[in-house]
Structure formats: C-alpha cells, structure tokens
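User: I'd like to go through how the labels on this model get assigned. Can you start with the accessibility terms?

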Amino acid sequence: MEYILKDLEPKTVFKFFEEISAIPRGSGNETAVVDYIAAVADYYSLRYRRDDHNNIIIWKKSHRADAPTVLLQGHTDMVCQANAGTEHDFENDGLKLYTEDGYIKAKGTTLGGDDGVAVAYMLALLTSEDEELPNIECLFTSSEEVGMIGAINFDYSDIKSRMMINIDSEEEGVSFVSCAGGVRVELNIDCDMIEERNKLLRIDIKGFSGGHSGVEINADKENAIRILGELLSRMYDLEPFNLVLLEGGTKDNAIPREASAVIASPDPDLYKNIISDFISEKKKIVSNEEKMFKLHTSKNKHMGEMFTFADTSRIINALTLSPNGVLRMSAHIKGLVQTSSNLGIVKAEKGTYHGVHLVRSNNEYEIDNTILLFSRIAKLLGGSYITCDRYPGWDYKSDSKLRELYIERFKDQYGYEPKVEALHAGLECGLISARIPGIDIISIGPNILDIHSPDERMEIASVERTFKLICSIIKSL
C-alpha cells in the first residue's frame, strides 16, 4: 500500500495506524482487524489469546529481570459516519487518510482515531526493541461503541497486572480517574384505546442541539421530549384532549433533539394561545444555543383510534414526573455531575406507552435509589418498569501510584501540571475495575476533535507527545 503518513513521527505508531485504517472495523465488524493484530503477534512470536467476541490480549516479556507488569487497553472498533454525498462502504472499504494543518483526517468520513490510536500505540510498544520497557499486557476489546460488549464478555483471569493505562481519552493533558456507571430503565404503561373522533392536531418540536447524555447533561441542553411533555401538560390542563400518537428520540444516551405528538380535540384552535405563549416564554429562559428551536403545528390524517382521557393524563404524567437531567452534583469533585437521568426515547401508540431512560452515576447507591424512584412512578401510574444493560462505575482511587507517576512524568515533559478529572459517562475502565479488584487505572490520550463525526481529526504532534509520555510512565514503574 502507499503510505500517506510515512514521514510522520513516531514512524511505527503511524505505520500501524495507517494499516489498521485500511481495514474496515466498524462496531461488530472487527474480525479482519483482529486477524491483523494476531498476525502481528505471530510475526513477532508474541503469546496471545483471542476469544469468540473478537477480544484479543497479547503479552510481551521485558528484558529487565525485575520488571513489573503493566496493562494497556483500548478498543478496536470505530463509529462509522459519512458526510451527505460521500459514498463509502464501511463494511468493505478502508479509510482515505490525509493530513491538513497539523491534523490527520479521513476524506468525508470519521477517522477512527477513537480508538485506532490506542491500537497503534499498543502495537508499537509490543514490537519495540526498547529494553527498558516493563512486562506488557495489551488488551484490545471489541464493540465498545455499541455497549462495551467486548469488555463485558472478556475473561480477565490471566491478567497479572494491577496497573492499567486506558488509551481512550481525547484531550492531551487531561487524565480521567473515575467514570460513571449506568443502567437503562424502561417505563411501560398498557392503555385502553377507543375509536378516534374529533379533529387531529400534530405538534412537532425540532431544532434543539442535542448532545451526549453523560458529558453534556449539565450543559444547558434542552430535552425535546420533556419540553413537549410540558406543553401537553399545559394544554391538557386548559381542556382535556385525547392523545393519538407520541414519539421522540432515537438513542438512550443522546439528549433528544426532536419530539412529536398527535392529539384529538373538538376544537384544536382552542390551544393556539397556549402554544404561542409557551414558545415565547421558553425562548426567554433557554440558552442561546437552544433559542433556534421550532414548534410547528399542522393538521393530521385520521389514524383510527386514540387514547382515553385517563390514559392520556397518565402518559403526560410519565413525561413530566420521571427523573430527568442532573439529579445530584458531586460533593467531592467540583463541577462533576454525580447522578443524572436522560429520557432518550419515547413512543406511545396502539395501546402502549414506552419510555427509555438512561440513568448514570459515579455512585452505585445513587443508581439503585433512582431505580427505586422509577419503581414508585410505575406503581403510581399503574405501569411497569424493567432495567437492563447495567454497567459498573469506576470509583476514584485515593492512593493511586499510577496517577501520581503520571502527574510527575507529565510535569517533567510539559513543564506544567495536568488536569485530573472524573467523567460522567461510561468507560471500559468501570467494567475492568469491577473484574480486577484493586487495579490502579488512569485514562489518557492525544488530542482528537469532533469524534464520531465526519469532522473527526487527530493532532499529529499530540500523538507523538502522548506516546513519549506513555513510554516515560511505563519505563518508570
């Protein structure tokens, strides 16, 4: 292949990054890239174990007789997104890399720096001839972007290290040392449907900015479903109507940007002033970023059946009373959201209401307590709830040798002290720390901007600096 990055340093890191970028590796399609990683291990006579979930761990012995063991970890899959008008088959085609203004990019698509850079770093260390390196265990997990499936199913029993560097952060100079756990809570209400009558009015709310329900839950992002619930509550209080259809959101971990409802009423014009006043008042209090939202009403074709007044009221109560947004800030880490809930998906039609909430917290007790709130709301509304896809948080370790060593080596290299932060989102570190009790973990990485979008780009100089820092840390163990 023709190497676009051949003149970049460190050469080995960028060689491996370019080679894995030529291999399709969207979530669930990691077999080929794991074949490649295994082939590298075979070529260098490195011991490895590969499982049925496309996880692979590789071991490399140190030349040092007294060397400790360190675990490095990252994931092989990437988020596959392309610009409108860009034709790219993520199942079969490699990425088209190029450099611009000090960054590596991919033409019209996501770059996969998240987390291809970790794969490249680990392969570079595994194939290095540096005799000062310690014993190294490198864990390459699969399908992180779609629920951390690889990390959940991996067998950790033969991992010796009790120190781990996760390479899945995207800001140089920031180390994460704690992350939130989470659980999906689904609230369901069975309802009675009656024959539809009266006129139908459709309400569409669009144009909110949306965002990540962990990282951006306290960033003044409006939840379109909740906003619609507030409006329906005001309308119903003025004059009861029958709900016909309700839908909004697409992912539990995204703050919903849009939501829609169809209602039946003898006189939909009755709500004109309520809707107009609602829009006006909301635009006064939302952030500047959210002021561009639109609320549109229109006639709707007849749909055959509608919810009763009583069930319409129950559904509105579910929208407005369920825990949502920031529930508690940390008392120990300034600015950290400790507990939150996001109403990410809602659907009401054909006699059922289904609401999907993602609850996050850095404290397991708080997760349990929020689930309890949902259980009481379900009982109050005559509905039911289930929990699924729970994953553990990663607790802050007060006596972390690895964190202190990271800070020391960072100051030596950069001349100033790095930031040490906790993250209100899920990382594989939470799952791994739960499976390897007492393990000391930090999460770091180079500068990667606009991840999960076709604008994703990775700073070349930052990749080199971060690799140098990782080498400095592990050789000091």
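Analyst: Sure: buried means under 20% relative accessible area, exposed means over 50%, and partly exposed is in between (1.4 Å probe, protein chains only). This is a predicted model, where local features need pLDDT of at least 70, side-chain atom pairs count only at pLDDT 80 or more, and totals for chains, interfaces and linings use all residues. Residues are numbered from 1 along each chain as its sequence is written, and side-chain values use heavy atoms, with hydrogens and water left out.

User: Why is Tyr 416 called partly exposed?

Analyst: Tyr 416 has 46% relative accessibility, and partly exposed runs between the 20% and 50% limits, so the label fits.

User: What makes Phe 410 buried?

Analyst: Its relative accessible area is 0%, so Phe 410 counts as buried.

User: Why is the pair of Phe 154 and Tyr 156 called edge-to-face?

Analyst: Rings of Phe, Tyr and Trp (its six-membered ring) pair if their centres lie within 6.5 Å; planes under 30 degrees apart are stacked, over 60 edge-to-face, the rest tilted. Here the centres are 4.9 Å apart and the planes at 85 degrees, so edge-to-face it is. Phe 154 is buried at 3%, and Tyr 156 is buried at 6%.

User: What makes Arg 47 count as sitting over the ring of Trp 59?

Analyst: The rule wants NZ of Lys or CZ of Arg within 6 Å of the ring centre and within 35 degrees of the ring normal. The charged end of Arg 47 is 3.9 Å from the centre of the Trp 59 ring. Lys 15 likewise lies over the face of Phe 16, at 4.9 Å from the ring centre.
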